[in-house]
Amino acid sequence: MNLQLILQIAILNLFVQNFVVQRFLGLCPFIGQSDDKHKAIGMGIAVTFVMTMASFVTYLLYAYFLVPGSWFLRTVFGPGAGITEVGLLDVLVTVSYILVIASLVQFVEMFLRRFVPTLYRAMGIYLALITTNCAVMGVALLNTTDAPQDLGLTGAVLQGVFAGLGFTLVMLLMAGIRERLEYLNVPPCFKGAPIAFLCTGLMALAFLGFAGMAGLG
Amino acid sequence: MPSYREEFTKGIFKNNGIFVLMLGLCPALAVTTSVTNAFAMGMAASVVLICSNVIVSALRGVIPKAVRIPCFIVVIATFVTMVDMVMKGFFYEQSRALAIFIPLIVVNCIILGRAEAFGYKNTVFRSFLDGAGTGLGFALALILIGGIREVLGAGTLLGYPIWLDAYGRTVFQPMTGLVLAPGAFIVVGLLMAGFRAIGRHRRHPQMDQVTWE
C-alpha cells in the first residue's frame with residue numbers, strides 16, 4: 001500500500017465522496033445530533049471508532065467466510081462442494097453484517113465502561129445509537145460487496161477511518177452553522193431540521209467543487 | 001382503542017415517517033433521483049415493513065423483553081435479504097440502480113421503530129394495518145420527492161421528456177442541480193417546512209399569528 005493510494009482514499013472519502021453530503025449515509029445522527037458542538041464531536045469520534053472496527057471485522061468476514069471458495073467454505077464443505085462454488089454472499093451478507101455491527105457496538109460499549117470510564121462517559125450515550133446508523137453498515141458494504149475493486153484489508157480499514165473522519169468534519173461544520181442559526185429569525189416552520197437541510201444543501205454544493213479531484217489518482 | 005381505519009391512515013400524513021418523524025432519511029435523499037427509483041425503494045421498504053411488523057407482532061409473546069432489539073433486527077434482516085434476492089432475480093436493472101440502499105433497509109429507523117413501538121405491543125391485524133399505512137406514507141413521500149427532482153431536475157417523468165411543445169422543442173431548461181446531491185437536501189428541506197406549515201395550520205390555527213416577531 002503506497003502513499004499515493006492512501007492519499008487517494010483519504011481525499012475521496014473526506015471530500016469528493018463524503019459520506020453525509022454526497023453519499024447520503026448517516027443522515028439521522030447528522031440531523032439529530034448536530035445542534036451542539038460537543039454532541040457533534042462526541043458522535044463523530046464514536047462513529048469513526050465504530051466504522052474503523054466494523055470495516056476491519058466485516059472485511060475479514062467477507063474475505064474468509066462469505067465469498068465463493070473462501071477459506072471457511074473450503075475447510076467445512078470441501079473445495080468442490082456446491083455451496084463452496086456459490087458462496088454465501090446473497091444469503092448472509094445483510095444478516096451477518098448487521099449482527100456483527102450490533103454485537104461489536106455492544107462489545108465496545110462494555111469494554112469502554114469497564115476499562116476506560118472517562119472515554120465511556122464522553123461517548124457512551126452515542127454508542128447505543130450507532131447500531132442503526134446506516135453510515136456504519138454503508139461503509140461495510142462499500143468496502144466489500146459494492147467496492148469498485150478489491151480494496152484489501154488495509155484499504156478497507158483506511159476507508160473506514162477516513163469515512164468516519166469525513167462524517168466528523170461535516171458534523172462539526174454543521175454544528176458551527178446551527179449554533180449561529182439559533183440567533184437568527186427563522187420562520188417557525190423552518191426551525192430545526194428544515195433549515196438544517198437547506199444549509200446542508202448549500203454545503204453539498206460547496207463539496208461538489210471537490211468533484212474535480214476525483215481523477216487525482 | 002383507535003379504529004382500524006385510523007391505524008392505517010395515521011402513518012400516511014399525521015405521522016409521516018420522513019416529513020414529520022424525520023426517520024429513514026438516507027434512502028429518501030439518495031434514491032429519489034427519479035420516480036421509478038423512488039417507487040421501487042418505497043415498495044421494497046413497505047414489503048419489509050409489513051412483513052416484519054406482522055412477524056414481530058405474532059411472536060410478541062415469545063420474544064423476551066431484554067433481547068427484543070436483536071430479535072427485531074434478525075427478523076428485519078431476513079426480510080431484507082428476501083427482498084434483495086427477489087429484486088436481483090426479477091428486476092436486476094432496478095436493483096443495480098438502488099445499489100447499497102436495498103441492504104441498507106435493514107438499518108432504516110422507521111422499520112425498527114414501528115416494530116418496537118407498535119408491532120411488539122399490538123395484535124397481528126393492527127400491526128399489518130400500521131405497517132401498510134406507514135409503508136404507504138414512506139412510499140408516497142419518496143415518490144413526491146422523486147417526482148419534483150425528476151420533473152424539474154432532469155425534465156422527464158418516468159423517463160419520458162415532458163417539457164416539449166407541439167413542435168418537439170424544449171420549453172424549459174432543467175435544473176441539473178436538483179438531480180445532484182445539493183438538490184436532494186434543498187427539496188427535502190422545503191417539503192419538510194411545507195408539511196410543518198400545513199400541519200401547524202390544521203392543529204393549531206391560532207399559532208399562525210405568532211410567526212415573525
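Me: Which residues does Ser95(B) touch, not counting residues up to four places away in sequence?
Reply: The model is predicted. Ser95(B) lies in helix 5 of chain B. Leaving out residues up to four places away in sequence, its contacts are Met87(B), Lys88(B) and Ile102(B).

Me: Is Ser95(B) buried or exposed?
Reply: The cut-off for burial is 20 or more other C-beta atoms within 10 Å. Ser95(B) has 20 C-beta neighbours inside 10 Å, so Ser95(B) counts as buried.

Me: What separates the C-alpha atoms of Ser95(B) and Pro64(B)?
Reply: The two residues are 31 residues apart along the chain. In space, their C-alpha atoms are separated by 36 Å.

Me: How far apart in space are Gln17(A) and Ala163(A), C-alpha to C-alpha?
Reply: Gln17(A) lies in the loop between helix 1 and helix 2 of chain A. Ala163(A) is one of the residues of helix 9 of chain A that meet helix 8 of chain A. In sequence, Gln17(A) and Ala163(A) are 146 residues apart. In space, C-alpha to C-alpha, the value is 8.9 Å.

Me: Why does Gln17(A) count as partly exposed?
Reply: Gln17(A) touches Leu12(A), Gln22(A) and Arg23(A), not counting residues up to four places away in sequence. A residue needs 20 or more other C-beta atoms within 10 Å to be buried, and 12 or fewer to be exposed. Gln17(A) counts as partly exposed because its C-beta neighbours inside 10 Å number 18.

Me: Which residue in the loop between helix 1 and helix 2 of chain A has a positive phi near 60 degrees?
Reply: Most residues other than glycine have a negative phi. This one is not glycine, yet its phi is positive. The residue is buried, with 25 other C-beta atoms within 10 Å. It is Phe24(A).

Me: Is Ala99(B) buried or partly exposed?
Reply: Ala99(B) is found in the loop between helix 5 and helix 6 of chain B. Its phi is also positive, near 45 degrees. Its count of other C-beta atoms within 10 Å is 15, so Ala99(B) is partly exposed.

Me: How many helices does chain A have?
Reply: Read along the sequence, the pattern of chain A is α-α-α-α-α-α-α-α-α-α. There are zero strands. The helices come to ten.

Me: At what angle do helix 8 and helix 9 of chain A pack?
Reply: Ala135(A), Val139(A) and Asn143(A) of helix 8 of chain A meet residues of helix 9 of chain A, among them Ala156(A), Gly160(A) and Phe167(A). The contact divides into five nonpolar, three polar and no charged residues. The crossing is right-handed. The axes are 10 Å apart, at an angle of about 145 degrees.

Me: How many residues of the contact of helix 3 with helix 6 of chain A are nonpolar?
Reply: The axes of helix 3 and helix 6 of chain A come within 10 Å and cross at roughly 145 degrees. Helix 3 of chain A brings residues including Val50(A), Met53(A) and Leu61(A), and helix 6 of chain A brings others including Leu92(A), Tyr97(A) and Ile101(A). No residue of this contact is charged, and two are polar. The nonpolar ones number 15.

Me: Which residues of chain B is Met137(A) in contact with, leaving aside neighbours within four places in sequence?
Reply: Met137(A) is among the residues that touch the most other members of the largest nonpolar core, which has 122 residues. Within chain A, its contacts are Tyr97(A), Ile98(A) and Ile101(A). In chain B, they are Leu104(B), Val106(B) and Val107(B).

Me: Which helix gives the largest share of the side of chain B that touches chain A?
Reply: The contact takes 37 residues from chain B and 36 residues from chain A. Helix 2, helix 4, helix 6 and helix 8 of chain B each supply at least two residues of the chain B side. That side divides into 30 nonpolar, four polar and three charged residues. The largest share, twelve residues, comes from helix 8 of chain B.

Me: Which element of chain A has the lowest mean pLDDT?
Reply: Chain A averages a pLDDT of 84, and 95% of its residues score at least 70. The highest mean among its elements, 90, belongs to helix 9 of chain A. The lowest, 72, belongs to helix 7 of chain A.

Notes. Residues numbered from 1 in each chain as written. Chains lettered and ligands numbered in written order. Predicted model: local features only at pLDDT ≥ 70, side-chain atom pairs only at ≥ 80, totals over all residues. Contact = placed C-beta atoms within 7 Å. Helix = DSSP H or I, 4+ residues; strand = E, 2+ residues; numbered from the N terminus. Nonpolar A, V, L, I, M, F, W, Y, C, P; charged D, E, K, R; others polar. Axes fitted to C-alpha atoms, helices over the stretch in contact; angles between N-to-C directions. Left-handed = near helix turned anticlockwise from the far one by under 90°. Core = buried A, V, L, I, M, F, W, Y, C linked by C-beta atoms within 7 Å. pLDDT = per-residue confidence, 0-100.
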